[in-house]
Each structure stands twice: as structure tokens, then as C-alpha cells.
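Me: I am new to this structure and would like to go through a few of its features. Could we look at it together?

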Amino acid sequence: MDTRLDLTQDVGALTARIVDVASVSGNEKALADAVEEALRALPHLRVERDGDAVVARTGLGRGERVVIAGHIDTVPVAGNLPSRVEGDLLYGCGASDMKSGVAVALRLAAALEAPNRDVTYVFYDCEEIEAERNGLLRLSREHPGWLAGDFAVLMEPTDGVIEGGCQGTLRAQVVTRGKRAHSARSWLGVNAIHAAGPVLDVLNAYRARTPVVDGLEYHEGLNAVGVAGGVAGNVIPDECVVTVNYRFAPDLSLEEAREHVREVFDGFELRFTDGAPAARPGLTHPVAAAFVTAVGGVPRAKLGWTDVSLFSGLGVPAVNYGPGDPNLAHQRGEFVSLSKIAEAERRLLAWLS
């Protein structure tokens with residue numbers, strides 16, 4: 001398949017082209033190659049590559065530098081390739097999350113030879129899988145200078161609305177223990193799965209916070225996302241593990257979020273398996289405020305974790321803004337509105353022109 005990208009074509013057609021280059025997490029090379037080839041043809045950009053992450057930068061000596069970033073990987077294909085268009089809607093794996101945003105960023109890179117701010121465009125791999133493989137995290141460790149800037153825009157799907165900050169996330173295992181026995185003589189054992197009932201009672205009774213942080217309302221959540229237990233069909237199990245996921249607002253640090261979970265499950269055996277911090281909205285920063293003014297609309301809180309958190313950790317205020325609808329992300333019938341893609345391109349062009 002010819003994977004070359006024509007950055008002069010309509011942004012909707014470019015999105016379809018990018019969608020049709022399959023790039024499930026860990027297999028982004030073909031798309032990364034196409035992105036690199038297209039960007040290296042633009043003399044006003046300096047292009048770097050690390051693995052399957054591609055970074056292109058202007059060097060005009062402007063007073064400010066903004067970073068526009070988007071991941072090029074998708075969740076596994078679910079019979080939703082190649083792409084197809086029905087009216088104003090483009091269907092296909094990754095159309096909303098977030099190849100439409102990637103297409104907008106590539107169009108900006110090609111069109112803006114002399115933007116009013118220096119711009120760094122970042123296209124990176126492995127965002128949809130475990131954090132340690134995230135290409136943006138790798139860049140922050142190995143090439144932090146490539147990500148330097150005064151402000152960043154993550155082209156995450158937001159349905160054309162600025163979403164400030166992001167929630168933090170952590171996972172923990174709540175463990176109940178028992179004693180093995182033959183199921184025909186169950187009274188000789190203690191069933192660890194039955195002992196998990198109180199854990200579920202705690203979760204059913206839990207009432208999530210809805211704190212307002214820097215003017216935006218976040219809605220937290222603490223939920224069971226997995227249950228594991230059982231030895232064999234004739235054995236009373238001696239261990240059961242309930243995995244819980246806590247999505248917390250950016251008024252809590254990661255350690256404060258862990259402490260909250262410890263308090264909720266006080267008296268239970270608890271072990272934390274992973275976590276990522278939240279990020280405050282940062283919309284009062286002058287560059288962010290100028291972006292809000294240029295794009296328009298009323299910002300809202302990002303109800304989910306994104307790499308805004310990583311930029312926040314680097315000291316770069318960041319927001320989420322993209323044409324895709326976050327409610328459609330990862331669905332078999334995922335689609336994006338062509339008019340929303342064109343609108344995002346127009347607004348960002350106006351902001352940077």
C-alpha cells in the first residue's frame with residue numbers, strides 16, 4: 001500500500017488517508033515513516049525522529065513557542081478499516097481518537113511557514129497502551145528540549161471544545177484471603193470470593209466528589225474494573241482480587257489520591273499497581289488565555305487522563321483541543337465530523353497566523 005501523505009489536500013481527505021494507514025499501538029512505523037517523509041519535504045521545519053515519534057520545529061526566534069502534539073497510534077482494528085464517508089461523517093479506526101487531530105496538525109505544519117509564534121509539532125507512538133511505553137514520555141526523558149515551550153495543545157478528541165487539565169488515574173488491588181478446601185466439604189475452608197462482598201459494598205456506597213478546580217468542575221469516580229479469583233471447579237478459593245480504578249481531580253496529588261483510596265478501604269489488604277498524576281487547567285496563563293480567546297467557546301474540564309499531565313510535569317501549561325468526539329473513541333463505529341475537522345483547522349490557523 002502507498003502510504004505517502006499529501007499535505008496540500010483537504011484536511012478531511014488527509015484524515016481519511018491517515019486513518020487508512022493502520023497504526024495499532026506498537027505498529028506505528030508505516031505511519032511514522034509517512035509523517036516523517038511529508039515533514040522533511042517542508043524546508044521551514046527542522047525534523048527529528050526517535051523510534052516512531054516524529055518532531056518538527058520552526059526556528060524563527062519568536063517570543064513564544066507553542067507545542068502541538070498528537071499520538072499516531074490507535075486501539076486494535078475492529079473491522080473498521082478502510083475508512084468510509086457518509087455525508088458529513090468519516091468512519092474508521094482512530095478517526096476521532098485522534099487521527100483527525102493529527103491531520104489538522106500536519107496541515108498546520110505545511111501551511112504555516114511563518115507563524116506568529118514558533119511552533120513544535122509532535123507526533124508520537126504508544127499512547128493507547130501502558131504508560132511506560134508512551135512515546136511522549138520517552139521523548140521527555142531522552143530529548144526534553146524537543147518538548148520545550150510556553151504552551152501546549154494536545155489534539156485529543158474534545159468535539160471542538162477546549163478541555164482544561166485532566167484527571168489523574170490510579171489502579172489498586174483490594175485482596176481478600178481465605179482457606180482452600182474441597183468444595184464438597186466447603187465448611188473446612190474459607191471462601192475468599194465470598195469475602196469480597198464487603199469490598200463491593202464499599203464501592204456501591206461510595207459517592208464521588210465533583211470539585212471545582214480553577215473554575216472547571218471535575219467529576220471523580222472510584223470503580224471496580226476487574227475481579228480475579230478461583231483455583232478450580234472443585235476448590236474453595238483462598239484469594240480474591242478486586243481491581244479498582246480511581247479517577248481523581250487535579251486538586252489532589254497522586255500521593256493524596258493514594259491516601260484517599262487507603263482511607264476508603266481501611267482494614268483491607270491493598271496494593272497499588274500504577275498511577276499517573278492529574279493536571280490543573282492552567283487557563284489563566286497568558287498564552288493559554290490568548291488561545292481560549294482565539295478559539296472561543298466555554299472551556300470545560302477534561303474527564304479522563306491525557307498527556308496534558310506530562311506537559312504539566314515539564315512546566316508547560318497545556319490544554320486538550322481536537323475535532324473528534326471523545327464519546328466515540330475506541331468504538332467499533334467510531335467516526336468524526338468532517339465539518340468539525342475543517343473548523344479546528346480554521347481556528348488554529350487563525351490563532352497562529
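Reply: The exchange below covers a helix pair, the cysteines and one histidine in this predicted model.

Me: At what angle do H3 and H9 pack?

Reply: Helix H3, residues 95–111, packs against helix H9, residues 338–352, at an angle of about 40°. Their axes are 10 Å apart. Angles from 35 to 65 degrees count as oblique, so H3 is oblique to H9.

Me: Which residues meet there?

Reply: From H3, the residues are Ser100, Val104, Arg107, Leu108 and Ala111. In H9 they meet Ile341, Ala344, Glu345, Leu348 and Leu349. By type, the contact residues of H3 with H9 comprise seven nonpolar, one polar and two charged.

Me: And is the crossing right-handed or left-handed?

Reply: H3 crosses H9 in a right-handed manner.

Me: Changing topic, how many disulfides does the structure hold?

Reply: The structure holds zero disulfides. For Cys126, the nearest cysteine sulfur belongs to Cys93 and is 14 Å away.

Me: Is Cys126 buried or exposed?

Reply: Cys126 has a relative accessible area of 5%. Buried means under 20%, so Cys126 is buried. Cys240 also counts as buried, at 1% relative accessibility.

Me: Now for His182: where is its place?

Reply: His182 lies in strand S10, residues 181–182. With a relative accessibility of 36%, His182 counts as partly exposed.

Me: What does His182 touch?

Reply: Leaving aside residues up to four places away in sequence, His182 touches Asn234 and Ile236. The C-alpha atoms of His182 and Ala105 are separated by 61 Å, and the two residues are 77 residues apart along the chain.

Terms used: Residues are numbered from 1 along each chain as its sequence is written. This is a predicted model: local features need pLDDT of at least 70, side-chain atom pairs count only at pLDDT 80 or more; totals for chains, interfaces and linings use all residues. Side-chain values use heavy atoms; hydrogens and water are left out. Axes are lines fitted to C-alpha atoms, for helices over the stretch in contact, and angles run from 0 to 180 degrees between N-to-C directions. Helices (H or I, at least four residues) and strands (E, at least two) are DSSP runs, numbered from the N terminus. Angles under 35 degrees count as roughly parallel, over 145 as roughly antiparallel, 65 to 115 as roughly perpendicular and the rest as oblique. A crossing is left-handed if the near helix is turned anticlockwise from the far one by less than a right angle, and right-handed if clockwise. Contact means heavy atoms within 4.5 Å. Ala, Val, Leu, Ile, Met, Phe, Trp, Tyr, Cys and Pro count as nonpolar, Asp, Glu, Lys and Arg as charged, and the others, Gly among them, as polar. A disulfide is a pair of cysteine sulfur atoms within 2.5 Å. Buried means under 20% relative accessible area, exposed over 50%, partly exposed in between (1.4 Å probe, protein chains only).
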